[in-house]
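Q: I'm new to reading protein models. Please pick one part of this chain, take a close look at it with me, and then show me how other parts are held together.

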Amino acid sequence: MDNPYKMICQKYEGEYRFATLYNTTNRIPVFSAYRFIGKKIIKRPDIEWMNEPQLEISNSQMGVPYINQATDEDYFNKTYNMSRGHLFPCCYSDDNVTARSTFTMTNIVPQKISFNNGSWGRMEKNAIEVMGNYCRDKNDQNKVLAHVLTGAVPGNNTQNNRVNIPSHMWMTFCCYNSTSSSWSSKAYWGANVEENINDNVTISERSLEELQEFLSEQWVNVTQLFDNNCKNTNIHISPEGSGSEPPLNLGE
């Protein structure tokens with residue numbers, strides 16, 4: 001049986017913009033890994049959603065949908081109350097070109113609209129302020145730099161009988177903290193469920209260790225998300241039900 005986990009180096013307009021670990025069985029990303037280098041004024045691009053050709057085997061039969069990834073049509077049914085939830089959000093992008101690169105079907109999951117617009121959206125805005133205020137490039141502390149992972153925990157339901165609907169979404173960043181002059185991390189996660197706008201649901205700031213424990217309990221055994229104090233983005237995950245396989249590893 002082929003390994004369903006595929007590493008994608010997201011190249012757009014001639015440059016690598018970010019990286020994604022993608023599950024072709026669930027047709028959703030496991031996580032996207034990217035750098036945050038400061039809050040920018042980014043206008044949300046008005047472009048068509050893109051697919052990833054390298055995930056598909058060439059097929060001469062016309063009209064056959066993408067087999068190993070979601071399509072735009074998978075998100076048309078409004079009865080699910082789902083939005084196209086970015087893992088690497090375009091508002092975290094370095095520039096407008098990178099913002100456009102995030103509009104790929106391999107960087108999104110079905111996310112409840114009220115969750116996306118509610119607690120998750122508020123968390124993203126809070127995290128961008130925290131990173132902008134405290135995260136610095138250790139070699140040039142005039143520059144903002146944070147290493148970020150955003151991922152999804154597969155759930156038990158599907159959208160359009162094809163695309164897994166995550167039970168939870170999570171985010172963590174690690175950076176050199178200019179205030180404490182040390183490497184530090186923060187983590188967040190929330191349930192992908194309907195929210196009442198009047199409840200003003202919030203996502204608490206947690207530790208990296210707490211996130212790893214949560215993911216190990218809810219999904220797969222996660223030994224560590226960041227290695228060497230975030231000097232690179234290594235991830236070690238043993239896919240559930242495949243104990244004989246070596247852990248997946250992102251980056252060197």
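A: Let's start with pairing: two strands pair if DSSP finds at least two bridges between them. Strands themselves are DSSP runs of E with at least two residues, helices are runs of H or I with at least four, and both are numbered from the N terminus. What you see is a predicted model, where local features need pLDDT of at least 70 and side-chain atom pairs count only at pLDDT 80 or more, while totals for chains, interfaces and linings use all residues. Residues are numbered from 1 along each chain as its sequence is written, and side-chain values use heavy atoms, with hydrogens and water left out.

The chain has 3 helices and 14 strands, and our part is strand β10. Look for Asn-177, which belongs to β10 (residues 168-177). Standing opposite Asn-177 is Cys-135, and that fits the wider pattern, with strand β6 (residues 135-136) running antiparallel to β10 and joined to it by 2 bridges.

β10 has other partners too. Strand β7 (residues 146-153) is also antiparallel to β10, with 7 bridges between them; one of the matched pairs is His-147 with Cys-174. Then comes β11 (residues 182-191), again antiparallel, which shares 10 bridges with β10. Here Tyr-176 is the bridge partner of Trp-183. β10 and β11 make a hairpin with 4 residues between them, and Ser-181 in that turn has a positive phi of about 55°.

How covered is all this? A residue is called buried when its relative accessible area is under 20%, exposed when it is over 50%, and partly exposed in between (1.4 Å probe, protein chains only). For β10, 10 of its 10 residues are buried. Asn-177 has a relative accessible area of 14%, so it counts as buried. Across the chain of 252 residues, 52% are buried.

Contacts are pairs with heavy atoms within 4.5 Å. Skipping neighbours within four places in sequence, Asn-177 touches Tyr-134, Ser-182 and Ser-184.

Now for those other parts. Pro-89 sits in the loop between β4 (82-86) and α1 (96-101). Pro-89 is buried because its relative accessible area is 5%. Beyond its neighbours within four places in sequence, Pro-89 is in contact with Tyr-34 and Glu-124.

Tyr-34 brings us to the rings. Rings of Phe, Tyr and Trp (its six-membered ring) pair if their centres lie within 6.5 Å; planes under 30 degrees apart are stacked, over 60 edge-to-face, and the rest tilted. The structure holds 8 aromatic pairs. Tyr-34 and Phe-88 are a stacked pair because their ring centres are 4.1 Å apart and their planes meet at 10°. Tyr-34 is in strand β3 (residues 28-36) and Phe-88 in the loop between β4 and α1, so this pair ties together parts 54 residues apart in sequence. Tyr-34 is buried at 3% relative accessibility, and so is Phe-88 at 1%.

Trp-49 and Phe-103 make a tilted pair, 4.8 Å centre to centre with 40° between the planes. This pair also links distant parts: Trp-49 is in the loop between β3 and β4, and Phe-103 in the loop between α1 and β5 (108-112), 54 residues apart. Trp-49 counts as buried at 19%, and Phe-103 at 2%. Finally, ring pairs link Phe-18, Tyr-34, Phe-36, Phe-88 and Tyr-92 into a cluster.
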